[in-house]
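Biologist: I'd like a close look at one part of this protein, taken slowly. Could you walk me through it once the model is up?

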Amino acid sequence: MALDTGAQTMLLDLSQVSYIDSGGLSVLFSAARRLRPGGWLGVIGPNPNIRRLFELVGLLVDPGFKVFDDQEAAEATLLAQET
């Protein structure tokens, strides 16, 4: 599993995901928690309904969770983090 490698950052492309249930949210919460304190979980391209769900459950205010509109925005953040 990717989290077991000691990675500090993980990106998930959600651009083709149309629905997330409570099980999926639980996985996201768990991954964000495991990447703390020094890392973060990023998601790319969630649709407006999923973005709203993230807002409702409090993920958007979690400093260990980031939302990117596209791959380029995620890559720019990763590059800035490396410098």
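Is Leu 28 buried or exposed, and what is its relative accessible area? Please start there and work outwards through whatever surrounds it.

Modeller: Sure, and keep in mind that this is a predicted model. Leu 28 is buried: its relative accessible area is 5%, and the cut-off for calling a residue buried is under 20%, so Leu 28 qualifies.

Let's see what is around it. Leu 28 sits in helix α1. Leaving aside residues up to four places away in sequence, Leu 28 touches Leu 12, Ile 20, Leu 41 and Phe 54. If you want a distance to check on screen, try Gly 64: Leu 28 and Gly 64 are 36 residues apart along the sequence, and their C-alpha atoms are 11 Å apart in space.

Now for the sheet. Three strands make up an open sheet, in the order β1-β2-β3, and they pair in parallel. β1 (9–13) and β3 (65–68) are the edge strands, each pairing on one side only. On average, neighbouring strands in this sheet are turned by 20° against each other, ignoring direction. Helix α1, residues 22–35, packs on that sheet and touches β1 and β2; the helix direction makes about 140° with that of β2.

To follow the sheet further, take β2, residues 40–44: four bridges join this strand to β3, and the two run parallel. Within that pairing, Val 43 stands opposite Val 67 of β3.

Back to the helix, which has another partner. α1 packs with helix α2 (residues 48–57) at an angle of about 60°, and their axes are 12 Å apart. The crossing of α1 past α2 is right-handed. On the α1 side, the contact is made by Leu 25, Leu 28 and Phe 29, while α2 brings Leu 53, Phe 54 and Val 57. So our residue turns up again here, as does Phe 54, one of the residues that Leu 28 touches. Sorted by class, this contact has six nonpolar residues, no polar ones and no charged ones.

One last stop on the way from the helix back to the sheet. Pro 37 lies in the loop between α1 and β2, and the peptide bond leading from Arg 36 to Pro 37 is cis, with omega near 0°. Most peptide bonds are trans, which makes this a good spot to pause on as you trace the chain.

Methods
Residues are numbered from 1 along each chain as its sequence is written. This is a predicted model: local features need pLDDT of at least 70, side-chain atom pairs count only at pLDDT 80 or more; totals for chains, interfaces and linings use all residues. Side-chain values use heavy atoms; hydrogens and water are left out. Two strands pair if DSSP finds at least two bridges between them. Axes are lines fitted to C-alpha atoms, for helices over the stretch in contact, and angles run from 0 to 180 degrees between N-to-C directions. Contact means heavy atoms within 4.5 Å. Buried means under 20% relative accessible area, exposed over 50%, partly exposed in between (1.4 Å probe, protein chains only). A crossing is left-handed if the near helix is turned anticlockwise from the far one by less than a right angle, and right-handed if clockwise. Ala, Val, Leu, Ile, Met, Phe, Trp, Tyr, Cys and Pro count as nonpolar, Asp, Glu, Lys and Arg as charged, and the others, Gly among them, as polar.
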